[in-house]
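Student: Please take a close look at the enclosed spaces in this protein for me. I would like to know what surrounds them.

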Amino acid sequence: MAKKGTHVAVGKRTLELTNLEKVLYPNDDITKAEIIQYYLGIAPTMLSHIARCPLSLIRFPHGIDGEQFFQKNRPDWAPDWVEYAVLGSNNKEYVLATEDASLIWLSNLACLELHQMQVKSPKLDKAYYMVFDLDPPEGFNFRQLIEIAVDLRDHISSYGYHVFVKTTGGKGLHLTIPVNAKYSVDDIFEAASIIAKPFVQKNSLTTLNIKKDARKGRVLIDIYRNRNSQTVICPYSLRGRDGAPVATPLEWTDLEALNDPLELNLRNVVGKVNEEGDPWEGIWSFSTDLHTKSDIKAEVKKLPVNPKRKTPAQLDEYSKKRDFDKTPEPKGLFEGGDGTGFVIHRHSASHLHYDLRLEQDGVLKSWAVPKGMPSKPGIKRLAVATEDHPMKYITFEGEIPKGQYGGGMMWIYANGKYEITKEKKDGFYFKLNSKGFIGEFRMHLMKEKEWLLERVDHLQQDLLDQIPSPMLAKSSSKVPIGDYLYEMKWDGIRAVFVVNEGHVSIWTRNLNDITDKFPELSDPKLFRSISGVFDGEIVCLGAQGKPSFKKVIHRMHRKGEKEIERAMKKDAAYAYLFDCLYLDGKLTIHEPLIRRKAWLQDSIKKGTNYRISETLSDGKELLAATKKLGLEGIMAKEINGLYTIGKRTEAWIKIKNKVTDRFRIIGYVKGKGDRSNGFGALHLADRTDSTQYRGKVGTGYSTKKMLELYEMLQTLGVGEKKIEAKLVDDKESVWLDGGPLCQIKFTELTENQTLRDPVFVKLLL
Ligand code: MN
């Protein structure tokens with residue numbers, strides 16, 4: 001008997017995990033616990049690609065150096081909830097991964113590698129992608145393989161397909177082409193052959209010959225994976241090889257920069273996906289028909305036509321409610337479609353709500369969801385069925401004039417393709433695929449027009465539970481020009497504001513909870529959105545309405561309800577918000593800044609202690625204005641830049657106005673070259689504590705002035721070095737015994753407490 005394991009809850013399942021400390025990758029010292037952690041970390045994204053695909057499993061119970069077991073049949077000891085599909089002439093029961101727990105159960109069996117078939121339950125006779133497996137011979141240059149992959153991508157694209165790429169974790173690459181799930185695997189193979197033949201003919205480094213000795217050093221374009229019961233390694237599966245490589249989906253630009261597929265492995269892939277997103281996100285919304293079958297049209301149900309309008313009666317209600325001379329919305333015409341499109345609108349009408357629209361029989365079935373899309377299982381949302389909308393509405397975005405039906409801004413929050421994953425007596429399960437928003441949901445009819453909407457799967461990154469560290473900016477002394485938005489740099493406390501189902505919490509940069517310190521900011525009624533994560537600065541205003549850092553710090557240090565209350569009455573705090581990281585079930589960090597700003601603006605109520613940090617298009621003018629007003633400076637942010645959690649990037653640049661302060665001269669660096677008869681730079685310290693080093697200043701004086709200063713410093717006694725910091729020019733430094741004070745202009749203190757861009761102003765005697 002195996003020794004008793006640890007019981008853990010994964011979603012609604014309880015799993016017994018065993019031998020967690022067993023090392024499965026001996027050369028990398030990777031234990032089973034780490035493998036389980038990897039699969040748990042990647043589960044939401046991985047399942048978005050492989051859920052309900054029949055799997056072949058490769059188990060390594062004794063580690064990657066031990067015996068491997070290929071397993072196609074579902075093991076006898078599989079728990080009842082592990083779903084399976086029966087396939088093939090000998091009725092094998094293939095395991096299906098359907099939830100996080102399936103992946104964890106498999107990793108506990110030391111099943112490192114998951115290989116998938118091209119079909120998905122319940123449509124086990126229809127393939128949903130085409131694959132080209134680039135299989136290089138031993139020792140083939142990986143960079144050269146990338147070039148072939150790029151050429152092949154261009155060739156495949158010329159037939160009208162969207163081509164996605166992943167590493168295999170070995171030496172090869174997989175090109176995956178999403179296809180509408182309505183063809184047999186044989187149809188897919190036929191199309192792949194037709195595409196591959198001319199490519200191989202003009203590319204002498206490639207072959208379609210599967211026999212090893214006939215390949216003669218050429219790369220096999222393996223189209224034979226498009227065959228019944230053939231499998232390929234799943235996206236995000238580990239490989240049972242040294243280095244624990246992961247078969248990783250990539251952006252084409254990232255592939256072109258990759259030197260070795262081993263760079264993508266168990267230790268970094270989850271972090272990469274959380275930071276940059278999944279390069280295959282929404283891949284299934286790019287599905288197309290096979291080019292060989294383009295003459296077969298989708299079946300669209302014939303709808304009863306209203307003889308007056310020549311459009312389906314179903315769109316009558318839509319048309320009656322609108323005046324098309326006044327609203328930019330599309331007319332209620334019948335367009336048809338293949339029944340796979342969806343859109344979710346964020347509709348900023350008098351009551352903010354979302355509209356979910358699913359294409360069916362040539363129209364968009366619509367529901368208004370007042371509280372927005374649920375972010376995780378367990379949250380139930382009311383969805384009220386509204387009138388059917390015309391197909392054109394799927395790409396509609398715009399402002400409906402006030403006074404018109406639904407007046408207000410209608411944003412596309414997500415659009416792509418959807419699929420029904422399960423039909424139920426009183427409803428259905430459906431999966432949304434789009435770039436920027438994926439998820440599986442359940443719709444359940446309660447009565448008449450009232451439905452209940454629930455999320456079935458998890459978000460890869462739920463910022464409501466894992467509070468993000470804010471994004472940081474690089475410093476510059478110049479205002480960058482180009483595609484930037486400019487805003488004030490607020491002198492306050494940087495904070496992350498989390499609205500979680502109507503509960504507000506406020507966090508510092510270092511993720512300390514400071515909600516209680518600012519009662520005027522912790523009321524959920526200040527927000528229009530039910531859930532959101534926002535980035536901003538808490539500010540107290542001083543004389544002439546200028547931000548007072550002193551006051552806000554004072555607020556932060558108050559303790560006890562009464563003291564906090566008193567301080568609040570004296571100096572109210574305002575939150576100037578400038579970014580939106582998450583909104584009503586959708587991670588927005590990969591949306592361009594300009595869109596995040598628009599949604600941010602729409603998420604708070606007007607006239608409260610929450611304000612929007614306004615943006616301007618002229619940075620120089622704004623900097624000049626802040627200088628005149630004695631404000632800290634400005635921020636320049638790339639209009640289309642993404643939000644990178646906790647990172648300092650070029651997408652945000654801070655430009656600070658210089659400030660003047662007093663410091664003590666504690667020594668100098670002996671001069672070189674044209675300064676050889678004086679000093680090169682002055683060492684500075686805090687004016688009251690000479691052991692606190694503030695760096696050097698080497699500009700702001702002429703040679704003449706420098707020599708005068710030098711002469712003065714010579715009259716002072718030479719002393720010991722009192723600061724702790726080791727300096728590169730320690731040997732060339734002279735330390736003074738009690739130096740004079742001076743005035744310095746600088747932009748800010750750096751993280752190690754030295755001055756940024758210091759300029760000498762004058763000696764203070
Ligand atoms: Mn609406």
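Tutor: Let's start with the second largest cavity, whose walls are formed by His-49, Gln-116, Tyr-129, Lys-166, Thr-176, Val-232, Ile-233, Pro-235, Trp-280 and Trp-284. This is a predicted model, in which local features need pLDDT of at least 70 and side-chain atom pairs count only at pLDDT 80 or more, while totals for chains, interfaces and linings use all residues. Residue numbers start from 1 along each chain as its sequence is written, and side-chain values use heavy atoms, with hydrogens and water left out.

A cavity here is a set of points on a 1 Å grid over the protein atoms alone where a 1.4 Å probe fits but cannot get out, and lining residues have an atom within 4 Å of a point. The second largest cavity has a volume of about 50 Å³, the space filled by probe spheres set on its points, joined across faces, edges and corners. Its lining comprises 6 nonpolar, 3 polar and 1 charged residues (nonpolar: Ala, Val, Leu, Ile, Met, Phe, Trp, Tyr, Cys and Pro; charged: Asp, Glu, Lys and Arg; polar: the others, Gly among them).

In total, there are 2 cavities of 30 Å³ or more. The largest cavity has a volume of about 290 Å³. Of the 21 residues around the largest cavity, Glu-281, Ile-438, Leu-459, Gln-460 and Leu-587 lie nearest its centre. By class, the lining of the largest cavity holds 10 polar, 6 nonpolar and 5 charged residues. Helix H1 (32-50), helix H6 (269-276) and strand S34 (586-587) each give that lining at least two residues, and H1 has the largest share, with 3 residues. Helices (H or I, at least four residues) and strands (E, at least two) are DSSP runs, numbered from the N terminus.

Key
1 Å grid on protein atoms, 1.4 Å probe; cavity = no way out; pocket = protein on both sides within 12 Å on 5 of 7 lines; lining within 4 Å.
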